[in-house]
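User: Please take me through the helix packing and the nonpolar core of this model, one question at a time.

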Amino acid sequence: MADSDSSLYNHALMEPTILSFEDARRRVEQAASEVRPPEAERCELLLCGGRVLAETVFADRDFPPFSRATRDGYALRADAVATVPARLKLVGEIRAGGPPQSLEIHERECVEIMTGAPVPDSADAVVMVEHTSRTGDTVEVRRRVAAGENIVPAGAEAKRGEALLRSGTRLTPAAVAVAGACGRYELRVFKRPRVAILSTGDELVDIAAEPAANQIRNSNSYSLAAQVNAAGGVPAILPIAPDEVLPLRRLVQEGLASDLLLLSGGVSMGKYDLVEQVLHELGAEFFFTGAQIQPGRPVVFGRAPARSGVQPTCFFGLPGNPVSTMVCFELFARAMVEALGGAKARKMMFTQVRLQSDVNVKTGLTRFLPAILSGEYERTEVELVKWQGSGDMAATARANCYLVVPPDREKLVAGEMVSILSAD
Ligand code: AMP
Ligand code: MG
């Protein structure tokens with residue numbers, strides 16, 4: 001008991017720093033901007049989706065490499081169809097991937113052309129086949145075309161030597177396509193950051209164990225691991241820490257050897273909430289010890305000092321209630337994981353959606369409430385899921401987003417546009 005007595009004493013010494021949601025988020029963004037880029041490694045393009053690029057990808061040729069037809073039809077000179085219908089003489093065919101054609105097209109001539117085929121220099125437009133009819137070698141064009149229509153000029157998308165993808169870019173399918181089009185079957189990507197996950201609580205047992213009536217399975221370590229993975233990190237789950245200073249300190253120190261430490265539980269004001277005390281005793285600096293949000297108000301963010309061979313390591317103390325843990329990861333920790341993985345910072349963006357039914361809350365906190373998007377296409381709507389508060393992970397598993405309620409609103413009215421934060 002000596003441990004927890006001293007903890008109360010030390011706890012009281014710490015100045016709480018409770019920030020608004022925006023200020024807390026800004027503090028995380030600032031810390032993320034100070035992160036040093038990680039080491040890079042080579043990765044075959046097939047496995048690059050979702051990784052973060054650690055080099056610049058340059059165009060190795062013009063894009064498109066030749067003036068490209070964007071429709072099936074006839075390449076011609078726009079002047080020739082200034083008056084329609086116009087009858088033109090068909091003088092050849094150009095197919096995608098066919099031999100290069102340096103066909104000379106004269107004023108009253110045209111050449112049949114396929115989507116993706118190179119347009120001869122002497123043509124300046126392509127008329128869609130739908131606007132033509134053909135009899136033998138004669139093509140009747142029924143619609144005018146402007147010069148340049150249905151042609152993407154060589155180099156219009158990118159010039160040879162131009163930087164197409166920059167370091168810090170997350171490799172989306174489109175970015176993978178660009179790298180592939182430049183012949184890059186292998187890329188340099190940043191190593192994934194190692195993120196230690198430490199769940200604390202005397203009530204916790206491993207998910208493989210049979211819990212006694214008063215025990216809870218440690219699901220948070222697993223939801224966090226899934227979130228870390230999705231954010232590009234490599235999760236490392238540590239053993240469950242009891243609510244006792246010495247073993248907790250040992251596990252916190254072990255976790256601080258990773259690139260980031262995520263703690264779950266033990267950050268509220270209870271007598272056995274020892275996480276802040278232990279970090280304080282290890283010389284940690286605290287950027288905030290709470291945010292005006294629900295769920296997740298007691299969330300903690302800080303940095304532990306360098307130790308022999310170990311860089312200063314940031315940590316998040318996430319409140320243990322399962323929904324709080326998940327929400328606080330999305331709001332704060334994700335940005336750090338991404339930064340530690342070398343990704344360029346991105347702003348947190350909310351999507352605007354129509355609200356299905358009224359929402360009543362108390363003012364003062366920014367709320368992120370589990371909600372469900374339904375409807376279809378432009379009739380998409382959002383509605384809260386019924387839940388029993390921040391411990392209700394089953395309700396959250398039925399949700400597919402969080403409804404964001406600003407701190408100055410106590411009523412959101414059905415039909416109004418509201419903000420949501422995506423949860424996938
Ligand atoms: P705490 O933040 O430590 O006060 O924890 C609040 C509540 O969250 C606890 O009473 C547990 O019911 C629940 N909880 C804490 N840690 C976990 C965990 N790792 N997995 C699942 N539930 C947890
Ligand atoms: Mg606890």
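Analyst: Axes here are lines fitted to C-alpha atoms, for helices over the stretch in contact, with angles running from 0 to 180 degrees between N-to-C directions. Helices (H or I, at least four residues) and strands (E, at least two) are DSSP runs numbered from the N terminus. The model is predicted, so local features need pLDDT of at least 70 and side-chain atom pairs count only at pLDDT 80 or more, while totals for chains, interfaces and linings use all residues. Residues are numbered from 1 along each chain as its sequence is written, and side-chain values use heavy atoms, with hydrogens and water left out.

User: At roughly what angle do the axes of α2 and α7 cross?
Analyst: The two axes come within 9 Å of each other. Angles under 35 degrees count as roughly parallel, over 145 as roughly antiparallel, 65 to 115 as roughly perpendicular and the rest as oblique. The α2 and α7 helices are therefore roughly parallel, their axes crossing at roughly 10 degrees.

User: How do the residues of the contact of α2 with α7 divide into nonpolar, polar and charged?
Analyst: With contact meaning heavy atoms within 4.5 Å, Phe21, Ala24, Arg25, Val28, Ala31 and Ala32 of α2 meet Glu330, Leu331, Phe332, Ala335, Met336 and Ala339 of α7. Ala, Val, Leu, Ile, Met, Phe, Trp, Tyr, Cys and Pro count as nonpolar, Asp, Glu, Lys and Arg as charged, and the others, Gly among them, as polar. The division is ten nonpolar, no polar and two charged.

User: Which helix or strand gives the most residues to the largest nonpolar core?
Analyst: A nonpolar core is a set of buried Ala, Val, Leu, Ile, Met, Phe, Trp, Tyr and Cys residues joined through side-chain atoms within 4.5 Å, where buried means under 20% relative accessible area, exposed over 50% and partly exposed in between (1.4 Å probe, protein chains only). The largest such core has 40 residues, and Leu262, Phe316 and Phe332 have the most contacts inside it. Among the elements that each supply at least two residues are α2, α4 and β23. The greatest contribution, 13 residues, comes from α7.

User: Is Cys110 buried or exposed?
Analyst: Cys110 is found in strand β7 (residues 109-113). Not counting residues up to four places away in sequence, Cys110 touches ten listed partners, including Tyr74, Leu90, Ile105 and Val139. Because its relative accessibility is 0%, Cys110 counts as buried.

How values were computed: Chains lettered and ligands numbered in written order.
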